[in-house]
Structure formats: structure tokens, C-alpha cells
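Trainee: Please pick one part of this model and take me through it closely. I would like to see how the bonds, loops and side chains there fit into the rest of the chain.

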Amino acid sequence: MSKSLPYSVKDIHYDNAKFRHRSPLKVLSQSLLTLNTKRNYASCSTGKFLILILVFGLVCLMLMSKSPNESALNEKGKVTFVGGLRLGRLLRKPPRLPPRLSPDEGQLKGSSTNGSTISISDPKWAARQQSVKDAFDHAWSGYRKYAMGYDELMPISQKGVDGLGGLGATVVDALDTAMIMGLDNIVSEAGSWVETYLLERISQKGQVNLFETTIRVLGGLLSAYHLSGGEQGTMNMTHNGPKPAIYLNIAKDLADRLLTAFTSSPTSVPFCDVILRESTAHPAPGGASSTAEAASVQLEFNYLSAISGDPKYSTEAMKVLAHIKTLPNTEGLVPIYISPQTGEFVGENIRLGSRGDSYYEYLIKVWLQQGAEFNSNFTYLHDMYIEAMKGVRHLLVRNSIPKGLVFVGELPYGSKGEFSPKMDHLVCFLPGTLALGATKGLTKEQALKENLLSFEDLENLKLAEDLAKTCFEMYEVTATGLAPEIAYFHTNEYSEDGLQGGNKSSMYENDIIIKHADRHNLLRPETVESLFVLYRITKDTKYRDQGWQIFEAFEKYTKVKSGGYTSLDDVTEVPPHRRDKMETFFLGETLKYLYLLFGDDSVIPLDKFVFNTEAHPLPIRNT
Ligand code: DMJ
């Protein structure tokens, strides 16, 4: 009796993760072998001949087949075709994907319905998680009292300011954090503000930045849509606030206007500014867009297409990534400016800090977003990511002296120019992204057990752990325990005296140099984001301890009694001089990642959600 194989044709076609190690050829030869033993075909020469013809025919078919998407995305100039398929692609091992759970298993795994009801076994971490929740409440209460409806709170002058175009950015950025924390009153307040005012604001306001508005406002709306029960998601985290359809309608209205940044550009590179009330767009004053800005809006536009059923958002936004693939690069690394007029990169400045950062983050996250069954059309993104990370390891990673911290520097004049040992705090997103890219959201233990980690994955995971240590030491080395905006690292080629962080007991006092102009702290999330991802992936509790230490420093030096938290002018001084601004990402990202770091892994599991670059979780396709 013939027994059906433990996989379907669809699994093989879509490179389903569970069976990645079984190539179609292997599967075919195994099937033939089974036939062989059962029916003894091999002893018959006609049978042998028929088998040979069958194998030959199937191999030809595989070589000829090519999806329309692949043909559209081929690189110009360096393509070798064999029967319609790139030879390099045939020889290259496809990325290894984690196994997907069945819907039933998935439901069990992510069964928590509300951040406030999760079971946390260790009371110490439950108490710490509660402290983060209290901090969020305090941040919101200041904003609500003095700045409701403004983009940001100025907690010391107790007023609001519109630094992001006037769409009430803090309300939308904070909304899904409140949902995840189970803070129902805040969900109601923020949700009803969105329902009452946001559509009107969008139709009346002037200039906004495409990237900032997409990641904070559009991303926040989309995540609120999902977490409030849109798509009948398993993560229905709140019964408070508007219905999911309200969030979706506002998101569509906003995205329709933002889309003009793509449609009015003469190339696939979007303009960077949009006049909302006119639905028109124009380039930045200097002409060029930041590479990170042009190339990190795709998670949001893709998800909007998926839930609205209208492919236009995804189609427009993905063009820029497919276009960047055709441009020259330096071992996968690209300059931080790109021109919407010419479609070419501008200048040679390469860095993973400001203007470069989330380009690399979205390469891997957009690929992950498509889910194992669908991402074969996006394999080019995974390839670009792997190549870029190899480039980072080769061209940008160095060790400091005397104590050997691993850091990522910059190439301001390209690979032929001098190396700069400068690392923005923004680069601290990289440890988390590297770890996520290596295990695809599984724990390291699970990924190792299932033999899913390639050589590149292991190298990236190692770099992730080394860099997370450096990012933490950038906090530890200062008098306040908070990181500066930018650090330099002492190397054989570069040193400067008298620019230490002010913590005499740090063993890295002489490795890290902090210039006067770089000593501010904007309550940024990147380090705690990486600690969260690394904790989930490695289960090493040191990441939780480090996150707690950072949280305590925020509490001590940035909390404003009357409500809210503030940025600081100088983290090397105690007491630090306070700036008067609470950035929206403190509620949208920093406190959300800390809360998740101290909580249960089943809340927003990393193999089911990708976080956009503003920490808004969006579900991975078909999970
Ligand atoms: C956020 O707005 C986003 O994370 C963005 O990608 C860059 N950094 C800020 C927070 O630091």
C-alpha cells in the first residue's frame, strides 16, 4: 500500500521551512528509491529507462521554471541564465527557515490575550515589569495633562509641541504599548482621540516626513488594528477603544496621501516630504533622501495591502528595494543618501547609524514578514542582508583598546577612505536585528537543535552578542548610567584624552571616548530593543539584568515629577542638565521593549511578529 509523503507539493514549491533540508531532487530520488524497493523496477531495463527519462524531464522543468517576480527583479549586467534560472541561485543554498507551527500549535503558543494577565513565574521580574508599566503610566499622565493632541510633551515647561507635523504622534505611538500592557484606560483615551481627531488632522495638516509619519503614525495605527482584533488575530489584546475598522480606515486615508511620495517621484526612490492636505510630495531641501528613510516603510505598506486587499501600497513601496538591488554597493553596504531625481546613491558615506540604520533592518524584516510559505519571491532581500552583514563584519567591525570592545565604525569616504571609530547609539539596533536574522525568531537552542543555523547565521549571532555587550557598556561607562548619543572608540589609530564617561569603576573607561557635543540622551530605545531580542533568543538572564539597570537609570535621572520623562543634555554629569522633551519613541519603543523583556515570551512571539523600526508589532504573513 502506498504511503503519502509527510509533505505536500506546496511545501516543496514554497521552500517550506520544515522540510528545507530536503531538496526537490532528493525528494524525487527518495520517491524513486521507494518505488524501486516496492516494485523492483530496477531489475527491468524498460523501467530503468523510463525512470531516467522522468528524472531528465523533471530536471529540465526545474531549470526552465521562473516566476514573474524573479524576472522583474533580476540584477542588470551580472546575470547568467541557465534555462531561465540564474546559475548562482541554483548553486546557492536557499536561506534556512524555521519550522512553522500548525494553526493549532500556534494558538496554543501565543495564547495570552492580555499583557496584564500573563503568567510570570518569577515574582522578581513580575514586579519589575510592573515598574515599567507604572513608568508608562507616569509618562502618559504628563503627556495627557499638558500636551494631549500635540506631537510631543515638553515635560519641564509643561506644554506640548508639534515637531512631527501635528498628527498627535505620541498618542498613536503609545497606543499599542498601552494595549500590550493591558492599560485599558489609556487605550480608551488614546483610542477615542484617534477616532475623534486624527482623520481631520490628516486632511488639514501641511508638511510631514514620509518615513517618520509611516513608522510612527501609520505603523501605530496598523499595529492597533491588529492588536484590537483586526483579522480576528489571536492576539486580541483589548476590548477598549475603537473597533479595528476605525484604525484601518484612518490608516488607509493617511497612506493614500503618503503614497504620493512614491507616485510623484520620477524614479522608484520616494520623495521625502509630503503635504498631507494637498496630497502632494516634494524632495528634501538638499534633493536627496536618506537611504534608511526611503527603504524602511515597506513593512507598513505591505501589511496595509494585506489587510485592505489593495496591492497598490505594497507595489509602490517595494519598488525602491528592488531598485536598490540593482545599484552598485560596497560588499553589500550602501551610502546614506539616495536621490529621487536620478535614482542613484549620493556621496560615499557608509554607516549603520543615522540615515543608514533601518535600511539593513528592513532587508531582513521584510523578508521575514512574508512568512516561510511566501518569501521565496523575496529571497533577494535575504541575500542582500547576508551580503551586507558580511560587509559589516569585514569593513566596519573593529576592537577597541585596551580592553577589546567590539564596535561598528563608519566609512565616511567609502571603503577607500579612512575608517572612523564612531558609533551612534542608533547602531545598537544591530545586535537585535542580527540575532533575529540568524534564528528567525526561534530560540538559539531550538535553532541549533533543529540544525537551522548556517555559518553566516552563527557568525552574525556571535557578533550580535558582542555588540550587545558594547551597547550596554556605553551606558555603564557614564556617570548617570545612560548612554550618550554618539561614542568613539579608542584604537591604535585614534585616541583622545580627557573625554571619559565619568564612571571610574567601569573597566572600559579608557576604551570609550565621549565628545562634548555627543553627550546628550534622547531616551532612545535601540539598546533595550536589542537586549529584549537577545534575551528572547538566548534566554541568558544577563540581558534582563542589564535592561533593569538601564531602566533604573532612566527612572533616576529622566523622570519629571509632575509627569513625563525628559531627554538629557549630558550623561557624564551628575546631576545631568535636563532638556525639555519627551520623544514619542520613549512610549512607543523604549518602555514597550523593557516591558516585554521582563515578561512572558508568549506575548508577541518573535516567530509570529516583526516589529517595525518604531517597535510596532505587525504579524508575519499567514500566522
Ligand atoms: C526611532 O524613531 C526609530 O527606531 C528609527 O528607526 C530611528 N530611531 C528612532 C529612535 O531612536
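**From a loop residue to the ligand shell**

Mentor: Start with glutamate 331, which is partly exposed, with a relative accessible area of 34%. This is a predicted model. Glutamate 331 sits in the loop between helix H15 (312–325) and strand E9 (337–338). Look at its backbone. Its phi is positive, about 50°, although glutamate 331 is not a glycine. Asparagine 451 is another case: not a glycine, yet its phi is about 55°. Asparagine 451 belongs to the loop between helix H19 (444–449) and H20. Glycine 309 also has a positive phi, of about 75°, just after H14.

Stay with H14 for a moment. This helix covers residues 298–308, and 9 of its 11 residues are buried. Among them are Leu299, Phe301, Tyr303, Leu304 and Ile307. Gln298, Glu300, Asn302 and Ser305 are buried too. An α-helix has 3.6 residues a turn, so residues three or four places apart point the same way.

Now the wider chain. It holds 23 helices and 17 strands. Of its 623 residues, 58% are buried. Take contacts between residues at least 6 apart in sequence: 69% of these join residues at least 24 apart. The chain exposes about 25,400 Å², with 53% of that supplied by carbon and sulfur atoms.

Next, two peptide bonds to find. One is cis and joins isoleucine 401 to proline 402, with omega about 5°. Proline 402 is in the loop between strand E11 (397–399) and strand E12 (406–408). Another cis bond joins valine 574 and proline 575, with omega about -5°. Proline 575 lies in the loop between helix H22 (542–558) and H23. Remember H23. We meet it again at the ligand.

Here is the part I want you to study: the ligand and its shell. Which residues surround the ligand? They are Phe211, Ile215, Arg216, Leu426, Arg524, Pro525, Glu526, Phe585, Glu589, Thr613 and Glu614. By type, the shell has 5 nonpolar, 1 polar and 5 charged residues.

Look at the polar contacts. An oxygen atom of the ligand is 3.1 Å from an N or O atom in the side chain of glutamate 589. A ligand oxygen is also 2.6 Å from a side-chain N or O atom of glutamate 614. With threonine 613, the partner is a polar backbone atom, 2.6 Å from a ligand oxygen. On its own, the ligand has 290 Å² of accessible area, and the protein covers 92% of it. Two elements give two or more residues to the shell: helix H10 (210–227) and helix H23 (584–597). H10 gives the most, with 3 residues.

Now follow one shell residue outward. Arginine 524 lines the ligand, and its side chain also meets that of glutamate 485 in a salt bridge, 2.8 Å from N to O. Arginine 524 is in the loop between strand E15 (512–513) and helix H21 (526–538), and glutamate 485 is in the loop between H20 and strand E14 (486–489), so the pair ties together parts 39 residues apart in sequence. Are these two buried or exposed? Arginine 524 counts as buried at 15% relative accessibility. Glutamate 485 is buried as well, at 13%. The cut-off for buried is under 20%.

Side chains of opposite charge can pair when their charged atoms come close. The whole structure has 28 salt bridges. Try another one, between glutamate 189 and arginine 144, at 3.0 Å from N to O. Glutamate 189 lies in helix H9 (residues 184–204) and arginine 144 in helix H7 (residues 123–147), so the bridge ties together parts 45 residues apart in sequence. Glutamate 189 is partly exposed, at 28%. Arginine 144 is partly exposed too, at 40%.

Last, lysine 390 and glutamate 456. Their closest N and O atoms are 4.0 Å apart, and they form a salt bridge. Lysine 390 is in helix H17 (residues 379–396) and glutamate 456 in helix H20 (residues 455–476), so the pair links parts 66 residues apart in sequence. Here the burial differs: lysine 390 is partly exposed at 44%, while glutamate 456 is buried at 14%. Both belong to a network of salt bridges that also includes Arg393 and Glu459.

Conventions: Residues numbered from 1 in each chain as written. Predicted model: local features only at pLDDT ≥ 70, side-chain atom pairs only at ≥ 80, totals over all residues. Heavy atoms only, no water. Helix = DSSP H or I, 4+ residues; strand = E, 2+ residues; numbered from the N terminus. Buried < 20%, exposed > 50% of the residue type's maximum accessible area, 1.4 Å probe, protein only. Contact = heavy atoms within 4.5 Å. Areas by Shrake-Rupley, 256 points an atom, 1.4 Å probe, with all protein chains shown as cover. Near = heavy atom within 4 Å. Polar contact = N/O pair within 3.5 Å; in protein donor to acceptor, adjacent residues only side chain to side chain. Nonpolar A, V, L, I, M, F, W, Y, C, P; charged D, E, K, R; others polar.
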